[in-house]
Amino acid sequence: MTSLRHVATCIGLSGKISIVRDFYGYVTGAPKKLSLANQVRLLQGNHIHLNLIRTTRPFQPDVQKQIDQALQFMRDAYATVNMGVGRIQRFFVNQGGYEIIVDQDVALDLTNSWSGPGDGIDIFLVFLIVGPAIGMSPVDGSCDKDSKQSGSVIGVLDSYPNLGTTLAHEVGHYLGLEHEDDLPDNLMYPSAPNGGKLYGGQGGVMKLHCSVKPGC
Amino acid sequence: MSLKIEPPFKLVPRISEVAITDPDEVSLRKLRDAVAGRSPQLTRSRAMEILLASDFPNKHRDLQAVLMNDGESPEVRAMAALYLGKVNTPAAREVLVEASSARDTLVLGAVASALGRIGDETSLEVVSRILDGANGLAAEQARFAAALLSHRLDVRGPELQTPNSDDYLKLPPEAARPFRVEQTGSNEAELCLRSLADQSFGIELAEHPMYQVRCGNNAWMLLLSRDAVFPGATERLRTSKSLAGIIAIKDRTTRLYSSAFLVLTAPSKQSDGVAILIHRTTGDLIFAGTMQVVGRRASFALGAVRRPGAFPMELSGSIEDGYLDIHSARSTQFVAIEKRQATPERRITAR
């Protein structure tokens, strides 16, 4: 597995590595049968890294499982346009007040005042967002962690059972995708559940984003 | 941009020209089941949102059942408290007062926050009791809720801290960009008022004048209290505390507004003027400044307060009977103080 070691190093992993936990970033086990060859192939092309940042108390195992399933959903959706999802790192905000996003502006405050390290896109996992939104993200988000709105916010309780759609959708925004109001099957249709599909042109837009890494 | 969930049954829209006169009973039953956590079809937060937007009677009872149930998770109970704050009826207030003996910090903080939004003088006593007994985040939320009530009702309550000159962010001239503050048209004003129907924080908002603030991709609306726009209103600020208005932010996807900041004023202790404190709805002080009142007219200057994520902003102008005359409005796109870093999760050792 020389190429696996090379790819692991390329995405910032070192030392003793668990395939499921470190290489894929799943903490509750593989959500489905995984194809390591396929993941390596995807990381040899354009890919992104994610920082999952919880603002709540530690998630219960069933919620962790939902998050792992959401990551797999996103990987599958992005794979259709040959975009890989690489390193997943987990963090938490050690200050209360962001568990429930009472007003939209509090979500902006969260992404204006907190960040995760490195080159992963910051995904803030809150318990819920009061109001009709279940996720929020700037379109074509910044790669400068010191800029405003450097991250997406997702209501975990709100999103279930569409957490995968929400995650992939908001990261899609961050990578530059706009809503597709006339395509209910498309991942960027503004309501969930949707068909979760991406077309080639959208993949092309995403790959131009500054947070997208070249192939390993 | 945001993603919404379509409910699997008929939604009573928040904004509609059509009066809903015949609620579908089946939908109501499903909705109540979902609020109580007995429906796999709809999340509880979404169910509460739809319940709030509906004209179903006694909706506070469904939220009460969740809030008072110790078997529910603190987050879900806190959510029910926050929605009760939006129901904004005397019955909802009573439920919140009843829940003020909750032990969980998250629930207690949410109860205090909700009472801060819709409470009366009795609620101020309750929130003050929460403040005396709580610590940490719940105490912070109770302190701001009590201060908010005392400003709105112009009664004695906790003082809000006014920043010193060193607490303001300096606007770097080379990075400063102007932003627009202009009076909005009646259609946008009406949309904004409708959006904020359940977020008025206990004040009656004036339809006119209303000011739109555009900065970068975001649009805000300044709505003043009716009490702040009548002839002679400015003079009164010299002697009374007030919740003078709300600044709402527009959602680019839904095009609806939601409350973002609260404009509080108090007679200044250091000078003859008036202190202006603009807090986030959750309590953080974001902008502050002073106002000098001369007759019916007041000149003001506002700046951004130092905190992680803050960006420099300066706004100056004058106001008379609610009408603004902006002299200068400048801001930057960049956060001026280093953001706080999220903490890595402890790695769980793989077996």
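This report walks through a predicted model, moving from a sheet and its helices to a few single residues.

## The sheet of chain B

A good place to begin is the open sheet of chain B, which is built from eleven strands. Their order is β2-β12-β11-β10-β9-β8-β7-β6-β5-β4-β3, and the pairing is antiparallel. At the edges are β2 (177–178) and β3 (180–183) of chain B, each of which pairs on one side only. In general, strands of a sheet pair through backbone hydrogen bonds, either parallel or antiparallel.

To see one pairing in detail, look at β8 (residues 274–280) and β9 (residues 285–294) of chain B, which are joined in the antiparallel sense by six bridges. Here B:A275 of chain B stands opposite B:T290 in β9(B).

A helix also meets this part of the chain: α9 (residues 186–195) of chain B lies across β4 (205–215), β5 (218–225), β6 (242–250) and β7 (257–267) of chain B. Its direction is at about 100° to β4(B).

Within strand β7 of chain B you will find B:S258. B:S258 is buried, with a relative accessible area of 13%. Leaving aside residues up to four places away in sequence, B:S258 touches B:L196, B:Q199, B:A248 and B:I249, and also A:Q104 from chain A.

## Two helices with two sides

Next comes helix α7 (residues 121–133) of chain B, with 13 residues. From its first C-alpha to its last, α7(B) reaches 19 Å, close to the 18 Å expected at 1.5 Å a residue. At the N-terminal end, B:D120 caps α7(B), with a side-chain oxygen 3.2 Å from the backbone nitrogen of B:T122.

Which residues of α7(B) are buried? They are B:S123, B:L124, B:V126, B:V127, B:I130 and B:L131. These residues cover an arc of only 165° around the axis, so they sit on the same side of α7(B). On the other side, B:E125, B:R129, B:D132 and B:G133 are exposed. The buried residues of α7(B) pack against α5 (90–98), α6 (105–118) and α8 (136–153) of chain B.

Helix α5(B) can be read in a similar way: B:A92, B:R93, B:V95 and B:L96 are buried. Seen down the axis, the buried residues of α5(B) fall within an arc of 160°, so they line one face of the helix. B:P90 and B:E94 are exposed on the other side of α5(B). The cover over the buried residues of α5(B) includes α3 (59–67), α4 (74–87), α6 and α7 of chain B.

## A proline in chain A

In chain A, A:P31 belongs to the loop between α2 (19–24) and α3 (36–43). Is A:P31 buried or partly exposed? It is partly exposed, with a relative accessible area of 30%. The C-alpha atoms of A:P31 and A:Q72 are 6.9 Å apart, although 41 residues separate them along the chain. Not counting residues up to four places away in sequence, A:P31 touches A:Y26, A:D68, A:Q69 and A:Q72.

## Backbone details

Most residues other than glycine have a negative phi, and most peptide bonds are trans. The table lists some exceptions.

| Site | Backbone feature | Value |
|---|---|---|
| A:A192 to A:P193 | cis peptide bond | omega near 0° |
| B:H208 to B:P209 | cis peptide bond | omega about -5° |
| A:Q149 | positive phi, not a glycine | about 50° |
| B:D321 | positive phi, not a glycine | near 50° |

A:P193 is in the loop between β9 (191–192) and α8 (200–207) of chain A, whereas B:P209 is in strand β4 of chain B. A:Q149 is in the loop between β7 (133–136) and β8 (152–155) of chain A. B:D321 is in the loop between β11 (313–320) and β12 (323–331) of chain B, and B:D321 is buried, with a relative accessible area of 11%.

Terms used: Residues numbered from 1 in each chain as written. Chains lettered and ligands numbered in written order. Predicted model: local features only at pLDDT ≥ 70, side-chain atom pairs only at ≥ 80, totals over all residues. Heavy atoms only, no water. Pairing = 2+ DSSP bridges. Helix = DSSP H or I, 4+ residues; strand = E, 2+ residues; numbered from the N terminus. Contact = heavy atoms within 4.5 Å. Axes fitted to C-alpha atoms, helices over the stretch in contact; angles between N-to-C directions. Expected span 1.5 Å × (residues − 1). Buried < 20%, exposed > 50% of the residue type's maximum accessible area, 1.4 Å probe, protein only. Arc of directions from axis to C-beta. Polar contact = N/O pair within 3.5 Å; in protein donor to acceptor, adjacent residues only side chain to side chain.
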